[in-house]
Amino acid sequence: MPEAVQPSPGASSPFVALAKPFTPEDEAALREALKRCSPSTFEAAVQFRKTGNPEHVPAVVIGVIERYVEPDLRTKLKDADDDLRLIDDLGIDSLTMMEIVILVEDVLQMTINNDELRSLRTVGDVKTFIDCKIRGLPLPKPTKFLPIEHIGAVMPMQPPFLFLNEASVSSTGANGKYKITGQEFFLQGHFKDNPVMPASIMLEALGQLAVLYLLEGAVAEPGKAVGANTIFFTGCEGVRAHRMCKPGDILTLSVKPKRMKMPLATFEGAIRVGQEKAVIVEEITLTYAFVEAVNPVTAEPASAAPAAARSGATAQSSPPLRVAANA
Amino acid sequence: MHRAFITGLGFVTSIGNDPVSVERSLRELRHGFELYPPFQKPDSPCKVVGTVKEFNTDSADCEDWTWPARYPIKRETLRTLSPHGLFAHCAMLQAIADARLDPADVSNLRTGLNAASGGSPFLTHHHHERMQKMGVMRCSPFGIVSSIVGTLNFNLVAAFRIQGSSCGFSSACASSAHALGFAFDDIALGRQDRMFVVGAEDGNADAILPFAGMRTLSLQSDPALASRPFDAARDGFVGTGGACVLVVESGDEVARRGAVPYCEVLGWAQASDGYNVAISHPDGSGLRVAMAGALKRAGVAPEEVDYVNAHATSTLIGDVSEARALRSVFPAAATRPAVSSTKALTGHGLSLAGAMECGFCALAMRSGFTPGSAHISRVDPECEGIHIPRQTIPTAPAVTMKNSSGFGGANVVLLLGKA
């Protein structure tokens, strides 16, 4: 969990102007509202309310989510990446989401609308969403969950050289999974009687996820789109392999853009197996170019739910949170 | 027509939280009254409540509540419950175990649930106050389902995955008697094989104290004297909360499962006074018609009834009108049934009363005793001519009549027979 950030000494609030001073009564009300949250959540909330510094927001949001997650699932949140899904991974239903929202609204003194709520699927979505609200930035596109059919349809790579089974793409990065089946052609010779996933292929898999980000997550100029056939590898730095990966392992891949300036996009990337580090790449750089936007590959906007409905896939795409309306 | 039997009981009451302790209290005429802390203020004229023990639901925040560890309840379930929802959830678990029902017996298309409570004025108050203070969009998403009338059925049907019929009943102090009557009909008509019948009330200050304005609450501060139905010195009822669950099953289901019933439900009837919104008819006219109707529908002659568990709540007018109705339905003095009001021990459970007292009767019929009427030192002369045993009789009634009356003069009478 992110630690509460201390305000720099002497700095008068450089952040969004605070509506009113934070009184001892406010603090008492805040303490009461957060009485079932961790002490660090309360501390972060106090700091936010005193300074308006958005850096405290993630700690508050995670602390509030944690309070509403069943105790046996809370460990997932402890070392969660932003791709942790609210429904599938944390068992949060739409009513619990309402509880979370109401407490967050109360604690951070903000208002969240029902339609804004519907697009929040992951812990990362929630953190980004609240951060944008606080900073007054435009709200990001919600995370898209892409089943294999969609990935296959948009990617220039194809089997047997496509190393993503599922992926999710948001404006802040992409996450994916690949299961090493043991049937990969190169494992016959790498190595003799000892199939080990080549590090170069793992790097390739991260590169593919970065390609998917460019195609599905990056914001192009109006009327333009990143051309699938314009993307190529240019270089990488700081590659370290920490763990052998073998048939049966499920690789959890993530990339985050560090710099994007036509024609180069630089990402940081990581692969884990469960909680174990497998590969870290400090920088992986691709070239790309814009082309005229044509009809997208799929008829509909690539939102996860319709894609999943078409393909019959259910495991990797969860329906958006819906407000209970069964009264 | 199918026969219907009571095969399982769950109790969270002022006189015990399981059938064994309830039976002991009934046999020994031990009451469940205490000086209720929230009432010990100068502005509260009434002091005594039939308190629910082992539970603490004083806070409006359900995560502050405590209840016996033998009932595991997840937060996900707890968050939409009122205090009486918690009581009822525990009583359901108890009744399911008591009837030896497996999960498939509970959740299927042929098993339904009828429930009755007055809702939770306590939580309604809390949520409305929050709405006023914090704004409409900061209301708890569970404010409605945890507090309005119907909260019991919403919650229990969802928590126990009930798939058959479900309905809430709201006829004030006759509510859960109605719930049992219509459950009987569903089984008799073959619509359902099994029904859970649930009555429950918060029994806290918000639920009870508003009755003080009607001048119907006892102002006695001695817990042993406050509730004394049929006594000349009675001065009003004592409130109570809790929950009772009855499992009612068709004869076929009893045979299939090899269940040992507490008693059979022989039939029921209802009639209304059409007289006053809050005062019972002075001659008990609606109650008289309901008693006669229940006897007729069950094919039972008045002289066959051994015991009447009276509605008698210890109010001045109500007890007398019931006594008049009883004298009229059982005119032959020699064969008059024993009449007692177990509200002398529990207090008046409002929507809970009918189901809870049918549960007491079921227990008495299987265990072999007839509860006496406690706390009487001198019978009200207006109630003379009725056989009111002051001590428990160590034999079981073969046929029991259960009277219930609610606001508006709604009268429900159920007949139970030895299984």
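This report walks through the sheets, cores, contacts and unusual backbone spots of a two-chain model, which is predicted.

## The sheet of chain A

Let's begin with chain A, where seven strands form an open sheet: an open sheet of 7 strands in the order β1-β2-β3-β6-β7-β8-β5, with antiparallel pairing. At its edges stand β1 (144–146) and β5, each with a single partner strand, so one side of each has no neighbour in the sheet. From one strand to the next, the twist averages 20°.

Two pairings are handy for finding your way around this sheet. Strand β6 (residues 250–261) of chain A runs antiparallel to strand β7 (residues 264–273) of chain A, and 10 bridges link the two. Within that pair, T252(A) has R272(A) in β7(A) as its bridge partner. At the β5 edge, β5(A) and strand β8 (residues 276–287) of chain A are antiparallel and joined by 8 bridges, and here E237(A) stands opposite E283(A) in β8(A).

How many residues of strand β5 (residues 232–241) of chain A are buried? Of its 10 residues the number is 0, so β5 of chain A lies largely in the open. A helix also crosses this sheet: α9(A) lies across β1, β2, β3, β5, β6, β7 and β8 of chain A, and runs at about 55° to β8(A).

## Two domains in chain A

The domain assignment splits chain A into domain 1 (24–135) and domain 2 (144–309). Between the C-alpha centres of domain 1 of chain A and domain 2 of chain A there are 30 Å. Where these domains touch, domain 1 of chain A supplies 6 residues and domain 2 of chain A supplies 6 residues. On the domain 1 side of chain A, the residues touching domain 2 of chain A comprise no nonpolar, 2 polar and 4 charged.

## The sheet of chain B

Turning to chain B, you will find an open sheet of 10 strands with mixed pairing, in the order β5-β4-β6-β7-β1-β8-β12-β11-β9-β10. Its edge strands are β5 (166–169) and β10 (338–340) of chain B, and each pairs on one side only. The twist from one strand to the next averages 25°.

One parallel pairing in chain B is between strand β9 (residues 307–309) and strand β11 (residues 399–406), over 3 bridges. There, N309(B) stands opposite K402(B) in β11(B). Helix α3 (residues 83–98) of chain B lies across β1 (4–12), β6 (194–201) and β7 (242–250) of chain B, and makes an angle of about 130° with β1(B).

## Nonpolar cores

The largest nonpolar core has 111 residues, and those with the most contacts inside it are A91(B), V198(B), L246(B), V248(B) and L414(B). Helix α14 (residues 353–367) of chain B gives the most to this core, with 10 residues. A second, separate core holds 37 residues, including F163(A), L212(A), A278(A) and V279(A).

What does V248(B) touch, leaving aside residues up to four places away in sequence? Among them are A4(B), F5(B), I6(B), F184(B), I187(B), M195(B) and V265(B). R194(B) is also one of the residues that V248(B) touches.

## Where the chains meet

The contact between the chains takes 4 residues from chain B and 8 residues from chain A. On the chain B side that touches chain A, the residues divide into 2 nonpolar, no polar and 2 charged.

## Backbone spots worth a look

Chain A has cis peptide bonds at two places described here. P159(A) and P160(A) are joined by a cis peptide bond with omega of about 10°, and P160(A) sits in the loop between α8 (148–154) and β2 (166–170) of chain A. The bond from H190(A) to F191(A) is also cis, with omega near 0°; F191(A) belongs to the loop between β3 (173–179) and α9 (199–216) of chain A.

In chain B, look at L29(B), which is not a glycine and yet has a positive phi of about 50°. L29(B) is in the loop between α1 (19–28) and β2 (33–35) of chain B. Is L29(B) exposed or partly exposed? With 19 C-beta neighbours inside 10 Å, L29(B) counts as partly exposed. E54(B), another residue other than glycine, has a positive phi near 70°. E54(B) lies in the loop between β3 (48–50) and α2 (75–78) of chain B, and is exposed, with 12 other C-beta atoms within 10 Å.

Technical notes. Residues are numbered from 1 along each chain as its sequence is written. Chains are lettered from A and ligands numbered from 1 in the order in which they are written. This is a predicted model: local features need pLDDT of at least 70, side-chain atom pairs count only at pLDDT 80 or more; totals for chains, interfaces and linings use all residues. Two strands pair if DSSP finds at least two bridges between them. Helices (H or I, at least four residues) and strands (E, at least two) are DSSP runs, numbered from the N terminus. Axes are lines fitted to C-alpha atoms, for helices over the stretch in contact, and angles run from 0 to 180 degrees between N-to-C directions. Two residues are in contact if their C-beta atoms, placed from the backbone, lie within 7 Å. A residue is buried if 20 or more other C-beta atoms lie within 10 Å of its own, exposed if 12 or fewer, and partly exposed in between; C-beta atoms are placed from the backbone. Ala, Val, Leu, Ile, Met, Phe, Trp, Tyr, Cys and Pro count as nonpolar, Asp, Glu, Lys and Arg as charged, and the others, Gly among them, as polar. A nonpolar core is a set of buried Ala, Val, Leu, Ile, Met, Phe, Trp, Tyr and Cys residues joined through C-beta atoms within 7 Å. Domain bounds come from an automatic or database domain assignment.
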